[in-house]
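This briefing goes through one protein model by topic. Please keep the structure open while reading the points below.

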Amino acid sequence: MASNRTFTMIKPEAVAAGHAGKILDMIMANGFRVVSLKYTRISHHEAGAFYEVHKERPFYGELVDYMASGPTYVAILEKENAVEDFRKLIGATDPANAEEGTIRKRFAESKAKNAVHGSDSNENALIEGHFFFSTREQH
Ligand code: CMP
């Protein structure tokens, strides 16, 4: 079922490289409304919990270390069919496979340092949004 909200993080390497403004601009120019936005640095423990679904994967340790390595922008976004449309806008996980015009094609360094996160389902969009934002921080 289509939902109108998704969740994103602009990851540490993209923030450190100064790409956050351009990425947010691309997101808004593509019709996503910002419901919530925060500049934050997640702890190692929080990163582990956020990516718990990948716990058994070989890259889990690297992913958790990396996500806690510097500040990120986290946001809830709204648009019709948000989860699917946002995944199209960000492109494939591995920037080598991402299409022209996508955020990852333009800004990602590698499969691990891939500039942005986007929820993969409506259910996860809700869980991930609530991980960072209380109801009164969602407008
Ligand atoms: P994201 O959309 O945040 O969801 C899970 C993350 O795991 C993914 O983006 C990548 O950053 C990371 N990831 C997926 N596959 C690999 C891999 N093979 N090696 C390192 N990191 C990966």
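The points below cover the nonpolar cores, helix 5, the surroundings of Ser36 and Gln138, the salt bridges and the cavity.

The model is predicted. A search of the whole structure finds seven salt bridges and one cavity of 30 Å³ or more. The largest nonpolar core holds 20 residues, and another core, of 16 residues, lies apart from it.

**Nonpolar cores**

- In the largest nonpolar core, the residues that touch the most other members are Ile10, Ile23, Ile27, Phe32, Phe86 and Ile103.
- Two or more residues of this core come from each of helix 1 (12-16), helix 2 (20-29), strand 3 (72-78), helix 5 (82-90) and helix 6 (103-107).
- Helix 2 provides the largest share of this core, five residues.
- The other core, of 16 residues, lies apart from this one and includes Met9, Ala47, Leu63 and Ile76.
- As background, nonpolar side chains in soluble globular proteins tend to be buried together.

**Helix 5**

- The buried residues in helix 5 are Ala82, Val83, Asp85, Phe86, Leu89 and Ile90.
- Strand 1 (5-10), helix 2, strand 3, helix 6, strand 4 (116-118) and helix 7 are the elements against which the buried residues of helix 5 pack.
- Beyond its neighbours within four places in sequence, Phe86 has contacts with Thr6, Thr8, Ile27, Phe32, Leu77, His117 and Gly118.
- Lys88 and Glu84 both belong to helix 5 and are four residues apart, about one turn of the helix; they form a salt bridge whose closest N and O atoms are 3.7 Å apart.
- Lys88 is exposed, because its relative accessible area of 55% is over the 50% cut-off.
- Glu84, with a relative accessible area of 44%, is partly exposed.
- Gly91, just after helix 5, has a positive phi of about 90°.

**Ser36 and its surroundings**

- Ser36 is part of strand 2 (residues 33-40) and counts as buried, since its relative accessibility is 2%.
- The Ser36 side chain comes to 2.8 Å from the backbone oxygen of Glu137.
- Outside its neighbours within four places in sequence, Ser36 is in contact with Val74, Ala75, Ile76, Phe133, Glu137 and Gln138.

**Gln138 and its surroundings**

- Gln138 is in the segment after helix 7 (122-132).
- With a relative accessible area of 19%, Gln138 falls under the 20% cut-off and is therefore buried.
- The side chain of Gln138 makes a polar contact with the side chain of Arg5 at 3.3 Å.
- A polar atom of the Gln138 side chain also lies 3.5 Å from the backbone oxygen of Phe133.
- Not counting its neighbours within four places in sequence, Gln138 is in contact with Arg5, Val35, Ser36, Ile76, His130 and Phe133.
- Gln138 and Ala47 are 91 residues apart along the chain, and their C-alpha atoms are separated by 22 Å.

**Salt bridges between distant parts of the chain**

- Arg33 and Glu78 form a salt bridge, with the closest N and O atoms 3.1 Å apart.
- This pair links distant parts of the chain, with Arg33 in strand 2 and Glu78 in strand 3, 45 residues apart.
- Arg33 is partly exposed, at a relative accessible area of 38%.
- Glu137 and Lys38 form another salt bridge, with the closest N and O atoms 3.7 Å apart.
- Because Glu137 lies in the segment after helix 7 and Lys38 in strand 2, the pair ties together parts that are 99 residues apart in sequence.
- Both partners are partly exposed: Glu137 has a relative accessible area of 30%, and Lys38 has a relative accessibility of 26%.
- Arg5, Arg33 and Glu78 are joined into one network by salt bridges that share partners.

**Cavity**

- The largest cavity has a volume of about 30 Å³.
- Its lining consists of Thr8, Ile10, Leu24, Ile27, Leu37, Tyr73, Val74 and Ala75.
- At least two lining residues come from each of strand 1, helix 2 and strand 3.
- Strand 3 gives the most to this lining, with three residues.
- Ile10 and Ile27 belong to the lining of the largest cavity and are also among the residues that touch the most other members of the largest nonpolar core.
- Val74 and Ala75 line the cavity and are also in contact with Ser36.

How values were computed: Residues numbered from 1 in each chain as written. Predicted model: local features only at pLDDT ≥ 70, side-chain atom pairs only at ≥ 80, totals over all residues. Heavy atoms only, no water. Buried < 20%, exposed > 50% of the residue type's maximum accessible area, 1.4 Å probe, protein only. Polar contact = N/O pair within 3.5 Å; in protein donor to acceptor, adjacent residues only side chain to side chain. Contact = heavy atoms within 4.5 Å. Core = buried A, V, L, I, M, F, W, Y, C linked by side-chain atoms within 4.5 Å. Salt bridge = Lys/Arg side-chain N within 4 Å of Asp/Glu carboxyl O. 1 Å grid on protein atoms, 1.4 Å probe; cavity = no way out; pocket = protein on both sides within 12 Å on 5 of 7 lines; lining within 4 Å. Points joined across faces, edges and corners; volume = space filled by probe spheres on them.
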